[in-house]
Structures are given as C-alpha cells and as structure tokens.
Amino acid sequence: TDPRCTTWLERDLPDRGMEERHVVADLHLTVADFSDVVVGFDGRTEESFVRSELDRYHLTFTRSPWGSIGLRYATDEISLPPTRRDYWGGEVQVLPGPTVTFTLFVGADPGGLVCSGGQCREMPPFDGMRFEVEWRF
C-alpha cells in the first residue's frame with residue numbers, strides 16, 4: 001500500500017519512532033428519576049522527539065429531558081520546551097424540544113482531537129464564551 005494513501009488510523013507509528021496512547025472513560029451515576037451525574041476522562045499521550053500529554057476531565061449533572069450543567073478541566077503538557085497549561089470551563093445545555101439544543105460554554109479549551117458519542121473531530125483552541133444552536137431534522 002502506498003503510505004500516502006493510508007488513513008490516520010492505519011499509520012505505522014512504531015516504525016516512525018512514535019507512540020500514541022488514548023484512553024476514554026465515562027461513569028454514569030443515576031441519582032434520581034431522569035437525573036444522572038457523569039464523571040469523564042479523556043487522556044491522550046503522543047511520544048516522538050517531544051512528549052505531549054493532554055488530559056480532559058468533566059463532571060456533569062444531567063436532568064432528562066431538559067438539559068445539563070457541567071464543569072470541564074483539561075491540562076496540556078509538552079516536554080520540549082517544558083510547558084504546562086491548565087484549562088477550566090463551564091457549560092450549560094438546554095433542550096427545549098426533541099430536535100433543538102442550546103449550549104453555552106464559558107472558559108478555555110486546548111482544542112485538538114475531541115471524541116464524544118462515538119464521533120471525533122478536530123477542534124481549535126478556545127478561550128472565551130461560545131453559544132451554539134443545534135437543530136436536528
């Protein structure tokens with residue numbers, strides 16, 4: 001196979017002197033009818049000439065079907081030059097109907113590859129306030 005035609009998941013990292021680890025875990029605790037507390041972790045480590053560690057944590061209270069409120073924390077650490085940055089944020093999500101979601105996020109996020117609900121996407125770094133409207137039809 002031509003290496004220029006391989007996908008990101010088919011890369012042969014050890015042959016390039018690179019190593020990558022990715023761990024995702026969520027714990028859902030039902031606290032009352034239609035209410036959950038979710039504790040989550042998403043950790044990613046990449047090693048080549050530079051070691052990079054990005055860990056994301058979240059604590060969310062969900063009240064179905066109305067929405068959720070959550071606290072997010074992430075830390076990004078790079079070995080060369082040695083740097084570490086912490087990111088804090090809060091998020092409120094309101095579901096006024098079965099097809100519409102309003103989300104308000106205030107804080108900072110390191111960006112990068114973000115996986116949620118079985119879908120991954122590349123996100124830019126962010127610091128500020130973001131309001132999103134999602135309409136599914």
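In what order do the seven strands of the open sheet run? In this predicted model, the order is β1-β2-β3-β4-β5-β6-β9, with antiparallel pairing. Strands here are DSSP runs of E with at least two residues, numbered from the N terminus, and two strands pair if DSSP finds at least two bridges between them. At the edges of the sheet lie β1 (19-32) and β9 (126-135), each of which pairs on one side only. On average, neighbouring strands are turned by 10° against each other, direction ignored; the axes behind this angle are lines fitted to C-alpha atoms.

A closer look at one edge is helpful. Strand β6 (residues 100-109) is joined to β9 by 10 bridges, and the two run antiparallel. Within this pairing, Val 106 has Met 129 of β9 as its bridge partner.

Residues are numbered from 1 along each chain as its sequence is written. Local features need pLDDT of at least 70 and side-chain atom pairs count only at pLDDT 80 or more, while totals for chains, interfaces and linings use all residues, and side-chain values use heavy atoms, with hydrogens and water left out.

The second largest pocket (on a 1 Å grid over the protein atoms alone, an open set of points where a 1.4 Å probe fits, with protein on both sides within 12 Å along at least five of seven lines) has a volume of about 230 Å³, the space filled by probe spheres set on the points. Its lining, residues with an atom within 4 Å of a point, comprises 13 residues, and Arg 44, Glu 46, Leu 54, Gly 112 and Leu 113 lie nearest the centre. β2 gives the most to this lining, with three residues.

Definitions and conventions: Helices (H or I, at least four residues) and strands (E, at least two) are DSSP runs, numbered from the N terminus. Axes are lines fitted to C-alpha atoms, for helices over the stretch in contact, and angles run from 0 to 180 degrees between N-to-C directions.
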